[in-house]
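Visitor: I would like to learn how to read a protein and DNA model. Can you take me through this one?

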2 protein chains.
Amino acid sequence: MKRYPDAIRILVAIDCIIFGFDGEEIKLLLVKRNFKPEQGKWSLMGGFLDQHEDLEAGASRILYNLTGLKDIYVEQIMTAGKVNRDPVERTISVVFFALINIHDHDQEAVKTHNAAWLSLEKKPKLIFDHDEMVGKAIEFLRYKAALHPLGFELLPERFTIPQLQKLYEAIYNMKLDRRNFSRKILLTGLLIDTGEKDHQSSTKKAGLFRLDKERYKNKFYSFWHFMPHPGLVEPL
Amino acid sequence: MKRYPDAIRILVAIDCIIFGFDGEEIKLLLVKRNFKPEQGKWSLMGGFLDQHEDLEAGASRILYNLTGLKDIYVEQIMTAGKVNRDPVERTISVVFFALINIHDHDQEAVKTHNAAWLSLEKKPKLIFDHDEMVGKAIEFLRYKAALHPLGFELLPERFTIPQLQKLYEAIYNMKLDRRNFSRKILLTGLLIDTGEKDHQSSTKKAGLFRLDKERYKNKFYSFWHFMPHPGLVEPL
DNA sequence: TGGAATTGTGTCAAATTCACACAATCTATT
DNA sequence: AATAGATTGTGTGAATTTGACACAATTCCA
């Protein structure tokens, strides 16, 4: 009962780029494949789209299976469709981008899937066009994090300003001035001082902050900006 | 010979959002359908992906068929995949975003396809989820144009500063101060004064500028910025 | 010839950024 | 318990950028 008889039908995969931050560097949750093709090599976590499933639902399912987490920050970033990108059969892959707190996920599920957190800088070559996808994802992260208070998704509930700075330094691969960073970030009004101190640090204990979630929602479009942003401009 | 026997295969469409600027408002090149389904209604220009065609190639083909133009600014912006978005058969649509000079295209081809430039603000409701796609495209345009010297793609080779300002005002749907805008835009060093004047305008003739294409390439990532941009940061 | 509309250029106060200095807190060591 | 080393919290001033204006010049038209 095909009403578009001339058009071709193609396999649709979903691949997830899962970012985490361990306090020092950006990490990716990757899978060492124990199935074919490309068995034994590393790849992004992925799967095929189900019959009655929306794309976002497919991404959520895959992310849930691997991490046991729901309600995480997920966004579609691109679709890869080169003719020969999958050597087995033509497949287009819709790529999703997820940010999670590296300490907050189901360790068992990760082990079951043969997955691990690998450093972005030292990761091995991935299968197919997955390296290209990761490149796009970093680019996307750098854009988005410059415009929106997105980094918090990678940090624990309570965090210190030096921690936040290290995250930004990792994202942009550059050093930032401690004093200017602190001033700028506090001026956003997004941080609430919990009054507590971080007992992890070895010398002077840094103050612990948490995100003002109410303001986060409202200020999502006014983090650091120049031109007005989509959410602020009256929609046409 | 299907090696992924359990997975489903889905129709893949390509839809193009084509922006133009007539000097006053942002316009979309839309098609009044003389075919089913939804005959007689307006929609984005689209088509199905061919057997041996990459996504970008498909977008270029569709754009070329409608406008007769090659080498235009095209970028993939999203993929729509809701289960019932096409009532006939499940179809996922990869959406592309194109910027063209509204005066520079094949009028005949446009007529043949039953297409027309409609004002973004006054456009009719489009079929399926095409309105949603247009919404995403405007959002994308607003982001991108705030960070990169993208607007020039919508203007003729030579343009005046007031013209450029009107474009920005149309994109962001806001008034800008003439003097501050002029200062800012000239400071980017992207504009070359041709010495000529625009004889279209009715009172004082505005000076005609053109884009410094060499600098445009180099400064694409440093138009107006805060945090360093993907292209400037050393890739990981 | 003068008025209306529009363009080109300039000024100045306010806000923001950048590049620093210094004091306070905590651990470890003597 | 005193001190050195490391790290955090806060401040200061010069330079730059922004925002809100004023005014002169050009062109058409009455």
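Visitor: Which residues come nearest to DNA strand D?

Guide: A residue is near a strand if one of its heavy atoms lies within 4 Å of it. There are 16 residues around DNA strand D, and A:Arg178, A:Arg179, A:Thr203, B:Arg179 and B:Arg183 come nearest. Of the strand D atoms that come within 4 Å of the protein, sugar and phosphate account for 39%.

Visitor: What should I know about the model before going on?

Guide: This is a predicted model: local features need pLDDT of at least 70, side-chain atom pairs count only at pLDDT 80 or more, and totals for chains, interfaces and linings use all residues. Residues are numbered from 1 along each chain as its sequence is written, chains are lettered from A and ligands numbered from 1 in the order in which they are written, and side-chain values use heavy atoms, with hydrogens and water left out.

Visitor: Which base atom of DNA strand D is 2.8 Å from the side chain of A:Arg178?

Guide: Look for a polar contact, a pair of N or O atoms within 3.5 Å. Here a base oxygen of strand D is 2.8 Å from a side-chain N or O atom of A:Arg178. A base oxygen of strand D is also 3.0 Å from a side-chain N or O atom of A:Lys204. A:Gly207 uses its backbone: an N or O atom there lies 2.9 Å from a phosphate oxygen of strand D.

Visitor: Which helix gives the largest share of the surface near DNA strand D?

Guide: Helices (H or I, at least four residues) are DSSP runs, numbered from the N terminus. H5(B) gives the largest share, four residues. H5 of chain A and H5 of chain B each supply at least two residues.

Visitor: How many charged residues does that surface have?

Guide: Asp, Glu, Lys and Arg count as charged. Ala, Val, Leu, Ile, Met, Phe, Trp, Tyr, Cys and Pro count as nonpolar, and the others, Gly among them, as polar. Near strand D there are nine charged, five polar and two nonpolar residues.

Visitor: Now strand C. Which residues come nearest to it?

Guide: Of 16 residues around strand C, the nearest are A:Arg179, A:Ser202, B:Arg178, B:Arg179 and B:Thr203. Sugar and phosphate make up 42% of the strand C atoms within 4 Å of the protein. H5(A) gives the most to this surface, with four residues.

Visitor: Which part of DNA strand C lies 3.2 Å from A:Lys205?

Guide: A phosphate oxygen, paired with a polar side-chain atom of A:Lys205. The side chain of B:Lys204 has an N or O atom 3.0 Å from a base oxygen of strand C.

Terms used. A polar contact is a pair of N or O atoms within 3.5 Å; within protein, one must be able to donate a hydrogen and the other to accept it, and residues adjacent in sequence count only if both atoms are side-chain atoms.
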